[in-house]
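Biologist: Please take a close look at the pockets of this model, beginning with the largest one. I should then like the account to continue through enclosed space to the strands, loops and cysteines.

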Amino acid sequence: MSLKVTVSERVLHFKQPAGTSRGIYTKRCIWLVKISDGERVGVGECAPLPNLSCDDIPNYSEVLRHFCDDVERTGELDTEALRDYPSMLFGLETALMDVRCKKENGRSLLFDNAFARGEEGIPINGLVWMGTFEEMRERIEQKLEQGFHCVKLKIGAIDFDAEIALLKKIRERFGPREIELRVDANGAFAFDEALYKLELLSQYALHSIEQPIKAGQWANMAELCRESPLRIALDEELIGVNDPYQKRQMLNIIRPAYIILKPSLHGGMAGVREWVDIARDMGIGSWITSALESNVGLNAIAQLAADIYGPGIRMPQGLGTGQLFTDNIPMSLEIRGDQLWISTSS
């Protein structure tokens with residue numbers, strides 16, 4: 001079929017500054033890709049993260065346009081050519097799947113599963129951004145009041161002793177059977193202090209820690225995974241590792257407990273499936289999260305997670321970012337308690 005691809009840039013604004021160990025986000029730039037077959041339009045989101053994505057490049061718009069022209073010319077997506085441009089691949093994958101499924105059944109069922117049909121929710125973690133001690137305490141209280149049973153805390157920006165005090169306060173009130181705690185250091189620890197900090201953190205019955213040290217230190221990360229009393233998950237470590245052989249090699253060397261997958265960062269939908277398959281072969285767990293996309297990207301990521309891990313997903317996924325923006329794109333997504341649902345009421 002003959003396809004027409006258009007691209008529009010959009011800026012989203014955070015309700016409150018989103019703090020990580022790499023800096024603070026107040027706005028988010030995305031590119032919406034629309035693919036039309038003349039009757040229907042499929043929409044996808046390309047959303048590279050500044051100073052993090054391997055395809056965060058100065059001429060992003062021009063390179064994206066080039067790949068859009070290829071889709072117009074061939075009617076297909078060259079996933080191999082897009083391996084090193086994961087956010088572009090994810091947006092184009094989503095848009096192409098969207099227009100095709102609308103042609104088949106008139107609905108945006110990227111995957112025909114219970115979640116996409118609105119029959120089942122996906123358990124998600126409540127995300128608590130970095131801030132002052134009091135800000136983080138208040139945000140944790142809010143998540144608990146909202147009914148979350150798994151809370152993920154960004155750490156590494158305020159004083160480590162204050163973060164330990166915060167975890168101690170939570171555990172004094174809620175045991176590990178009541179609240180699962182995950183922490184994400186975003187590479188904030190120096191290697192020579194990392195094991196000591198991991199030992200302190202392990203006292204509070206944490207589920208896992210994401211990326212304790214900066215990416216690219218395979219030998220050091222492997223040592224931490226061997227010695228740490230706390231299970232380690234890789235996140236930033238996976239960025240830019242797009243070749244299947246290199247993926248297997250890295251996981252074989254480091255041997256983490258988990259990998260955390262974001263389609264915009266880790267190879268689009270095709271790349272995420274590749275990572276999951278390789279990790280499963282090695283007995284390594286995984287879960288999927290969004291990477292500060294709008295609801296367009298979040299919807300596609302959630303449907304993908306349900307397709308890979310469902311039905312009846314038990315492990316909380318990182319899909320609670322849809323409420324971050326003041327000007328998000330409306331979609332039929334809603335959080336009920338600690339689950340993400342697609343609403344079928346509208």
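Modeller: Helices and strands are here DSSP runs numbered from the N terminus, a helix being H or I over at least four residues and a strand being E over at least two. The model is a predicted one, in which local features need pLDDT of at least 70 and side-chain atom pairs count only at pLDDT 80 or more, while totals for chains, interfaces and linings use all residues. Residues are numbered from 1 along each chain as its sequence is written, and side-chain values use heavy atoms, with hydrogens and water left out.

Rolling a probe the size of a water molecule over the atoms shows where empty space is left. On a 1 Å grid over the protein atoms alone, a pocket is an open set of points with protein on both sides within 12 Å along at least five of seven lines, whereas a cavity is a set where a 1.4 Å probe fits but cannot get out; lining residues have an atom within 4 Å of a point. Points are joined across faces, edges and corners, and the volume is the space filled by probe spheres set on them.

The largest pocket has a volume of about 420 Å³. Its lining comprises 21 residues, and Ser108, Asn299, Gln303, Met331 and Ser332 are the closest to its centre. Two helices, α2 (86-105) and α9 (295-309), each supply at least two lining residues. The greatest contribution comes from α9, with three residues. By class, this lining holds 11 nonpolar, eight polar and two charged residues, where Ala, Val, Leu, Ile, Met, Phe, Trp, Tyr, Cys and Pro count as nonpolar, Asp, Glu, Lys and Arg as charged, and the others, Gly among them, as polar.

The second largest pocket holds about 350 Å³. It is lined by 20 residues, with Gln16, Leu127, Lys143, Gln323 and Leu324 closest to its centre. Here β1 (4-20), β5 (126-128) and α3 (133-145) each provide at least two residues, and β1 gives the most, with five. The lining divides into nine nonpolar, eight polar and three charged residues.

As for enclosed space, there is one cavity of 30 Å³ or more. The largest cavity has a volume of about 260 Å³. It is lined by 24 residues, and Trp129, Lys152, Lys154, Lys262 and Ser290 lie nearest its centre. This lining consists of nine nonpolar, eight polar and seven charged residues.

Helix α9, already met at the largest pocket, also bounds a loop of interest. Pro311 lies in the loop between α9 and β12, and the peptide bond between Gly310 and Pro311 is cis, with omega about -5°.

Beyond that loop, β12 belongs to an open, antiparallel sheet of three strands in the order β4-β13-β12. The edge strands are β4 (122-123) and β12 (333-336), each with a single partner, so one side of each has no neighbour in the sheet. Strands pair if DSSP finds at least two bridges between them; β12 and β13 (residues 339-342) have four, in the antiparallel sense. One of the bridge partnerships joins Leu333 to Ile342 in β13.

Three further loop residues deserve attention, for which buried means under 20% relative accessible area, exposed over 50% and partly exposed in between, with a 1.4 Å probe and protein chains only. Asn186 lies between β7 (180-184) and α5 (191-201) and is buried, at 6%. Its side chain makes a polar contact with that of Glu236 at 2.7 Å; such a contact is a pair of N or O atoms within 3.5 Å, of which, within protein, one must be able to donate a hydrogen and the other to accept it, and residues adjacent in sequence count only if both atoms are side-chain atoms. Ala205, in the loop between α5 and β8 (208-210), has a positive phi near 50° and is partly exposed at 35%. Gln211, in the loop between β8 and α6 (218-227), has a positive phi near 40° and is buried at 0%.

Finally, a disulfide is a pair of cysteine sulfur atoms within 2.5 Å. The whole structure contains zero disulfides. For Cys29, the nearest cysteine sulfur is that of Cys46, 13 Å away; Cys29 is partly exposed, at 31% relative accessibility. For Cys68, the nearest is again that of Cys46, at 6.8 Å; Cys68 is buried, at 0%.
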